[in-house]
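Here are a few exercises to work through with the model open on your screen. Try each task yourself before you read its solution.

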Amino acid sequence: MMPEAPHPPARRPWRRFFPFLAWPRSSRATLQGEAMAGLTVGMMVIPQGVAYAALAGMPLVTGIYASLLPALIAVLFSASTRLSVGPTALSCLLIAASLSGMAAPGSPQWVNLAVWLALLSGLLQVVLGLARFGWLLNVVSAPVLMGFTQAAAVLILLSQLRDLLGLPADWHAAQLAQQVNPGAALFGIGSLVLLVLSRRLSPKLPAVVLVVLAAAAISWAIGFEATGGAVVGTLPAGMPQLYLPQWPGWQDFSRLLVPALVITLISFLETASSAKVDSQKGGQRWDQDQDLIGQGLAKLASGLSGAFPTSSSFSRSALNLYAGARTGWATVASVVVVLAALVWFTPLLHPVPQAVLAAIVVAAVMGLVKPASFVHLWRVSRVEAVTSGVTFGVTVLSAPALYWGVIAGLLMSLSHFLYQRLHPRIIEIGLHPDGSLRDRHLWHLPPLAPRLCALRMDGGLDFASANAFERAVLEHLAAHPDARHVCVFALSINHIDATGVEMFGQLRKGLRERGICLHIAGMKLPVERVLLRAGELPGPGAAPDPLLRLYRTDAEALAALQHPSIQMPG
């Protein structure tokens, strides 16, 4: 038996609960660089936070609240310290869709329900992280996430059309040209063009801040608000107060459970997309459980600040890395910038047209709509492409109950996964001229030996695949009644459970009764140990079974099966 590999040094327990204590010491030069990165992200998150709060149907100032304490808590208690946590377009759309029909957007009841969403999703993430159940979130496959994300982006774009063009609340598509507010449309479309151009020409430029400040100045100078234009208006200054939500009642509370679960899944998948990039650049393994804890605590902090569920922004996290952030001190600096803006500079946002906020949201989500991704996925896997397409369609058609799209995609992907487990790839193998063992029928290869059935199954021998494997052996023997040998190339069998053990025992017994010799090549140690404990393999010192032969390697089995002097039974 090979010696076990040494275990990595145990992680200090206090680092799990207080990971910020393990931050490396920074020099003055490093802190200066972190401050500049934090300034860049902080200036961007303020207008984005206000815009995303409008998307969520929340009071605009809560977008700044969600960028303050939650960002600080997340960086202190997460493993990925260079992520920008706060409002995101996808999470805000989920909030608005989840609460639609339960309260009026912006009302105290709406805020109360949004806070409950933050608390429920945050608590769930903290519990999953503490229990080290982060792997559960992997049930949402990439095609499902792609379909949902693109559908959500389409819905976001449609939802911003009214504010972008200054349309009235009861606008109709047939009268679109007559209902457009020229001033608002000019602000919205002009801002959108500038934001798109700046992203392509100078990604490092804080275009969002510059566009907002320019729009505010022009709006103030021409008296846009006085002419009936919709603007941000007065925002409360000062720190957020502790918000203790009121009990919404069992009926509303039960309606929040599924949306909270979906927000938990989707928001953490947003985090994963940024955290994996951060970990790869840092040359470290991503600690998804610790990030679950940090993201969950951030949501709890957001809820207690009177705001809504937060997430990691891929665009702001990328900007943070692009600006040179190396540690969590960059996020601390961005929090200071947001705090200063909240205390002293909120009056600057008063004249900003709401069309500009819509342009910020549209510019942020335009890149998520990628029809070519479906074409590429179709070339890779048609089943997964259909799953992604169904997720997209159900999400759009079920709006505002967007969670049905995730549920539909999740059920389809899990059904496909289960189907593959129930129908593992089992092939009869032959020896290819290049020396490898391949599918005999696909490559038109001769049998390995006369009267031999040589099979290989790719996957574990468990309750899902045991019947399929037994059926493959028996069907081959029925088609070749003169077969006297069955060889299982077992190197690809990674594990075996009780059902697999029972099937193996029955198969071995049936072959023995028919005088057929069972050969097993390359059995892995975990599988061998289970079969030994079950008494299905002869243990050390036991008399050898003439109808059971074990080989450590495929080469050893090939040599034995093809050797002319081998004693073939029957």
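**Exercise 1.** Which residues form one aromatic cluster with Trp-116?

*Solution.* Keep in mind that you're looking at a predicted model. Find Trp-116, then pick out Trp-247, Trp-250 and Phe-253: together, these four form one aromatic cluster. Searching the whole structure turns up 10 aromatic pairs.

**Exercise 2.** Work out how helix H7 and helix H17 are oriented to each other: roughly parallel or roughly antiparallel?

*Solution.* Start with what you need to know: two packed helices are described by the angle between their axes and the distance between the axes.

Step 1: locate the helices. H7 covers residues 142-159 and H17 covers residues 371-380.

Step 2: get the two values. The axes come within 11 Å and cross at roughly 160°.

Step 3: compare with the cut-off. Angles over 145 degrees count as roughly antiparallel, so H7 and H17 are roughly antiparallel to each other. The crossing of H7 and H17 is left-handed, by the way.

**Exercise 3.** Which residues make the contact of H7 with H17, and how many of them are nonpolar, polar or charged?

*Solution.* Step 1: on the H7 side, you'll find Pro-143, Met-146, Gly-147 and Gln-150.

Step 2: on the H17 side, look for Pro-371, Ser-373, Phe-374 and Leu-377.

Step 3: sort them. You should end up with 5 nonpolar residues, 3 polar ones and no charged ones. If your count is off, check Gly, which counts as polar here.

**Exercise 4.** What kind of aromatic pair do Phe-374 and Phe-392 form, and which helices does that pair tie together?

*Solution.* Step 1: the ring centres of Phe-374 and Phe-392 are 5.9 Å apart, with 80° between the planes. Planes over 60 degrees apart count as edge-to-face, so that's what this pair is.

Step 2: Phe-374 lies in H17 and Phe-392 in H18 (residues 382-397), so the pair ties together parts that are 18 residues apart in sequence.

Step 3: check the surroundings of Phe-392. This residue is partly exposed, with a relative accessible area of 26%.

**Exercise 5.** Now classify the pair of Tyr-403 and Trp-404: what do its planes at 40° make it?

*Solution.* Step 1: the ring centres of Tyr-403 and Trp-404 lie 5.5 Å apart, and with planes at 40° the pair is tilted.

Step 2: look at accessibility. Tyr-403 is partly exposed at 23%, and Trp-404 is partly exposed too, at 45%.

Note on methods:
Residues are numbered from 1 along each chain as its sequence is written. This is a predicted model: local features need pLDDT of at least 70, side-chain atom pairs count only at pLDDT 80 or more; totals for chains, interfaces and linings use all residues. Side-chain values use heavy atoms; hydrogens and water are left out. Axes are lines fitted to C-alpha atoms, for helices over the stretch in contact, and angles run from 0 to 180 degrees between N-to-C directions. Helices (H or I, at least four residues) and strands (E, at least two) are DSSP runs, numbered from the N terminus. Angles under 35 degrees count as roughly parallel, over 145 as roughly antiparallel, 65 to 115 as roughly perpendicular and the rest as oblique. A crossing is left-handed if the near helix is turned anticlockwise from the far one by less than a right angle, and right-handed if clockwise. Contact means heavy atoms within 4.5 Å. Rings of Phe, Tyr and Trp (its six-membered ring) pair if their centres lie within 6.5 Å; planes under 30 degrees apart count as stacked, over 60 as edge-to-face and the rest as tilted. Buried means under 20% relative accessible area, exposed over 50%, partly exposed in between (1.4 Å probe, protein chains only).
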